[in-house]
Each structure stands twice: as C-alpha cells, then as structure tokens.
Amino acid sequence: MEQKNITTALELPGKRIVKNFGVVRGITVRSRSIFGTIGGALHTLVGGNITLFTNLCERTRKEAFDLMVKHAEEMGANGIIAVKYDANEVMSGV
C-alpha cells in the first residue's frame with residue numbers, strides 16, 4: 001500500500017472512497033529491558049530527552065503502523081483514512 005494513501009484525515013484528496021472495509025488495527029506490546037529501565041531511570045536524574053525510551057516508542061509505533069497496513073491489505077483495502085494512535089501502559093514497564 002502506498003504511504004500516500006494513508007492519512008489521519010477523513011478523506012484522501014483526489015481519491016474517491018468506494019468501499020468501507022471497517023476498522024483496521026495494528027497492535028503491539030513492548031517491554032523495556034532491565035538495562036533500558038535502569039538507563040532511563042538514571043537519565044531522569046539529569047533531565048532531557050530519554051533517548052532509550054524515545055527509540056522504544058518510535059520502534060513500537062512503526063511496528064503498530066506496519067501491522068495496521070498489513071491488516072488493511074489483507075482485507076483488500078488500498079488506503080486507510082482517519083488513522084489514530086493510542087498508547088497505554090499494560091503493566092509497569094510494558
């Protein structure tokens with residue numbers, strides 16, 4: 001699926017929606033390693049961007065996005081509109 005056929009908007013400019021396949025999703029659960037947790041905790045002492053956690057979040061978001069696209073393609077879709085992101089902590093550290 002072309003990246004340009006994916007948007008947070010309710011329409012794709014220049015495209016016509018002819019069929020709604022319903023909800024597609026991309027769900028992933030990640031945990032921090034013990035080293036990442038300790039490193040992140042130490043980084044909070046000095047402040048600033050905690051790159052260990054930023055990188056984990058970015059990898060997780062990309063994985064969820066890729067899973068969403070795969071799910072849409074499996075349903076026969078050639079585009080996705082109204083994309084939303086959500087993040088939750090399932091348990092401490094996850």
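I started with burial: of the 94 residues in the protein chain, 22% are buried. Worth jotting down at once that this is a predicted model.

**Overall layout**

I looked up the secondary structure next and got 2 helices and 0 strands for the protein chain. Helix α1 covers 34–46, and α2 takes in residues 51–75. For the surface, I have an accessible area of about 7300 Å² for the protein chain, with 57% of it belonging to carbon and sulfur atoms. Then I checked contacts between residues at least 6 apart in sequence, and 74% of these join residues at least 24 apart.

**The core**

Which residues make up the largest nonpolar core? I count 9 on my list: Ile6, Val24, Phe65, Met68, Val69, Ala72, Ala77, Ile80 and Val83. In soluble globular proteins, nonpolar side chains do tend to be buried together. I picked Val24 for a closer look and, skipping residues up to four places away in sequence, found it touching Met68, His71, Ala72, Met75 and Ile80. Among those partners, Met68, Ala72 and Ile80 are also on the core list.

**Asn5**

Is Asn5 buried or exposed? I have Asn5 as buried, because its relative accessible area is 9% and the cut-off for buried is under 20%. Asn5 belongs to the segment before α1. Its side chain reaches the backbone oxygen of Asn78, and I noted 3.3 Å for that. With neighbours within four places in sequence set aside, Asn5 is in contact with Leu12, Lys15, Asn78, Gly79 and Ile80. So Asn78 turns up here both as a polar partner and in the contact list, and Ile80 is a contact of Asn5 as well as of Val24.

**Along α2**

I moved on to Thr60, which is in helix α2. A polar atom of the Thr60 side chain lies 2.8 Å from the backbone oxygen of Leu56. Beyond the neighbours within four places in sequence, I found Thr60 in contact with Thr28 and Arg30.

Arg30 came up again when I checked Cys57, another α2 residue. The C-alpha atoms of Cys57 and Arg30 are 8.9 Å apart, with their positions 27 residues apart along the chain. Cys57 goes down as partly exposed, because its relative accessible area is 48% and exposed starts over 50%.

**After α2**

What sits over the ring of Tyr85? I found the charged end of Arg61 there, 4.8 Å from the ring centre. I also searched the whole structure for aromatic pairs and came back with 0.

Asp86 is in the segment after α2. Asp86 is exposed, at 66% relative accessible area. I took its C-alpha distance to Ile27 too: 9.7 Å in space, for residues 59 apart in sequence.

Last stop was Ala82, also in the segment after α2. What is the sign of phi at Ala82? It is positive, at about 60°, although Ala82 is not a glycine. I flagged that because most residues other than glycine have a negative phi. Ala82 counts as partly exposed, with 29% relative accessibility.

Note on methods. Residues are numbered from 1 along each chain as its sequence is written. This is a predicted model: local features need pLDDT of at least 70, side-chain atom pairs count only at pLDDT 80 or more; totals for chains, interfaces and linings use all residues. Side-chain values use heavy atoms; hydrogens and water are left out. Helices (H or I, at least four residues) and strands (E, at least two) are DSSP runs, numbered from the N terminus. A polar contact is a pair of N or O atoms within 3.5 Å; within protein, one must be able to donate a hydrogen and the other to accept it, and residues adjacent in sequence count only if both atoms are side-chain atoms. Contact means heavy atoms within 4.5 Å. A nonpolar core is a set of buried Ala, Val, Leu, Ile, Met, Phe, Trp, Tyr and Cys residues joined through side-chain atoms within 4.5 Å. Buried means under 20% relative accessible area, exposed over 50%, partly exposed in between (1.4 Å probe, protein chains only). Accessible areas come from the Shrake-Rupley method with a 1.4 Å probe; for residues, only the protein chains shown count as cover. Rings of Phe, Tyr and Trp (its six-membered ring) pair if their centres lie within 6.5 Å; planes under 30 degrees apart count as stacked, over 60 as edge-to-face and the rest as tilted. A charge sits over a ring if NZ of Lys or CZ of Arg is within 6 Å of the ring centre and within 35 degrees of the ring normal.
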